[in-house]
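User: Could you walk me through the contacts in this model? I'd like to see the reasoning behind each answer.

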Amino acid sequence: MMNLNAQTDTSILAGSIEMTSYSETALQEREITVSHGILYRRKPLYEKIKRAFDVTSSLIALLMLSPLMLVVMALIVIDDFGSPFYMQERVGKDGKMFKIYKFRSMYKKADKKLEELLAQDECKGATFKMKNDPRITKIGHFIRKTSIDELPQLINILKGEMSIIGPRPFIPREQANLPDDRLLVTPGLSCYWQIGGKNSLTTEEQIELDRKYIKERSVLVDIGIIIKTVLFVLKIGNS
């Protein structure tokens, strides 16, 4: 586990980020330093409030949405027989690896076909996106458009691996091309760039928005992003 170079509530992490190739061991052993004057302050009270909110809200959401989730699970199995869940390794806070949970929106063994499709990547950001991805199932298109595929991440939030709000966690291959200062805080279900352009943003714009959140994070900021996320999902779902 790497050590964060933060000392007090008023301390500033300073230095430079190297955009180097990723390896789990190297990331865990390397001390995080931060570029572009990013300000990182420990906020113990905020973190406790945030964690209490994460646990409470994820439990309530899981209970309220369980009927919908059961229906989605059945539809996924009917569409393409197999597990309705998809698990993938992501890079979390301090470079710690964890398994992210999602509803499966692709045909089985879709990961093996990714290399064949990389040249058709249409996303300006760090993740791979393809409008007419042949790996996506019929039900997969719907649950992706409405963000229903993300609901199992409420389990990650309950476990403390993720938060409701925070920088999105990436797979090791994608995190390899991103600065380590994104890993100073717990990754989240939604963030600034999820409601501010999402996949239309460039990698550089996504990085700056993640840094903006790390500097500005507070209860009010989180509430604002949650409200905008709900409105964004409702708009997309009804479009």
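User: Happy to have it open now. Which residue forms a salt bridge with Arg 182?

Analyst: Keep in mind that this is a predicted model. The closest N and O atoms of the pair are 2.8 Å apart, inside the 4 Å cut-off for a salt bridge. Arg 182 sits in the loop between α6 and β4, and its partner belongs to helix α8, 28 residues apart. That partner is Asp 210.

User: Is Arg 182 buried or exposed, and what is its relative accessible area?

Analyst: Buried means under 20% relative accessible area. Asp 210, the salt-bridge partner, counts as buried at 2%. Arg 182 is buried too, with a relative accessible area of 4%.

User: Which residue forms a salt bridge with Asp 181?

Analyst: Asp 181 lies in the loop between α6 and β4 and the partner in helix α8, so the pair ties together parts that are 30 residues apart in sequence. Asp 181 counts as buried at 0% relative accessibility, and the partner counts as buried at 6%. The closest N and O atoms are 2.6 Å apart, and the partner is Arg 211.

User: How far apart in sequence are the parts that Arg 217 and Glu 47 tie together?

Analyst: The two form a salt bridge, with the closest N and O atoms 3.6 Å apart. Arg 217 is in the loop between α8 and α9, while Glu 47 is in helix α2, so the parts they tie together are separated in sequence by 170 residues.

User: Of that pair, what is the relative accessible area of Glu 47?

Analyst: The cut-offs place buried under 20%, exposed over 50% and partly exposed in between. Arg 217 is buried at 2%. Glu 47 is partly exposed, with a relative accessible area of 32%.

User: How many salt bridges does the structure hold?

Analyst: Some of them join up: Lys 102, Asp 149, Glu 150 and Arg 168 are linked in a network of salt bridges. For the structure, the number of salt bridges is 13.

User: Let's turn to the rings. Are the planes of Phe 85 and Phe 103 stacked or edge-to-face?

Analyst: A search of the whole structure finds three aromatic pairs. For Phe 85 and Phe 103, the ring centres are 5.6 Å apart and the planes meet at 20 degrees. Planes under 30 degrees apart count as stacked, so this pair is stacked.

User: Which strands do Phe 85 and Phe 103 lie in?

Analyst: Phe 85 is partly exposed at 35% relative accessible area, whereas Phe 103 is buried at 1%. The pair ties together parts that are 18 residues apart in sequence, because Phe 85 lies in strand β1 and Phe 103 in strand β2.

User: In what sense do β1 and β2 pair, and over how many bridges?

Analyst: One of the bridge partnerships joins Glu 89 to Lys 99 in β2. The hairpin has five residues between the strands, and Asp 94 takes a positive phi near 60 degrees there. The pairing of β1 and β2 is antiparallel, over seven bridges.

User: Which residue has its ring stacked with that of Phe 170?

Analyst: Phe 170 counts as buried at 3% relative accessibility. Its partner lies in helix α7, 23 residues apart, while Phe 170 is in the loop between β3 and α6. The ring centres are 6.1 Å apart and the planes at 10 degrees, so the pair is stacked, and the partner is Trp 193.

User: Over the face of which residue does Lys 212 lie?

Analyst: A charge sits over a ring if NZ of Lys is within 6 Å of the ring centre and within 35 degrees of the ring normal. Lys 212 is at 5.4 Å from the ring centre, and the residue is Tyr 192.

User: Finally, at which residue does α2 bend?

Analyst: The span gives a hint: α2 has 36 residues, yet its end C-alpha atoms are only 46 Å apart, short of the 52 Å that a straight helix would reach. The bend is about 60 degrees, with Pro 67 following within four residues, and α2 bends at Ser 66.

Technical notes. Residues numbered from 1 in each chain as written. Predicted model: local features only at pLDDT ≥ 70, side-chain atom pairs only at ≥ 80, totals over all residues. Heavy atoms only, no water. Salt bridge = Lys/Arg side-chain N within 4 Å of Asp/Glu carboxyl O. Helix = DSSP H or I, 4+ residues; strand = E, 2+ residues; numbered from the N terminus. Buried < 20%, exposed > 50% of the residue type's maximum accessible area, 1.4 Å probe, protein only. Phe/Tyr/Trp six-rings, centres within 6.5 Å; stacked < 30°, edge-to-face > 60°. Expected span 1.5 Å × (residues − 1). Bend = angle between axes of the 7 residues up to and from the residue. Pairing = 2+ DSSP bridges.
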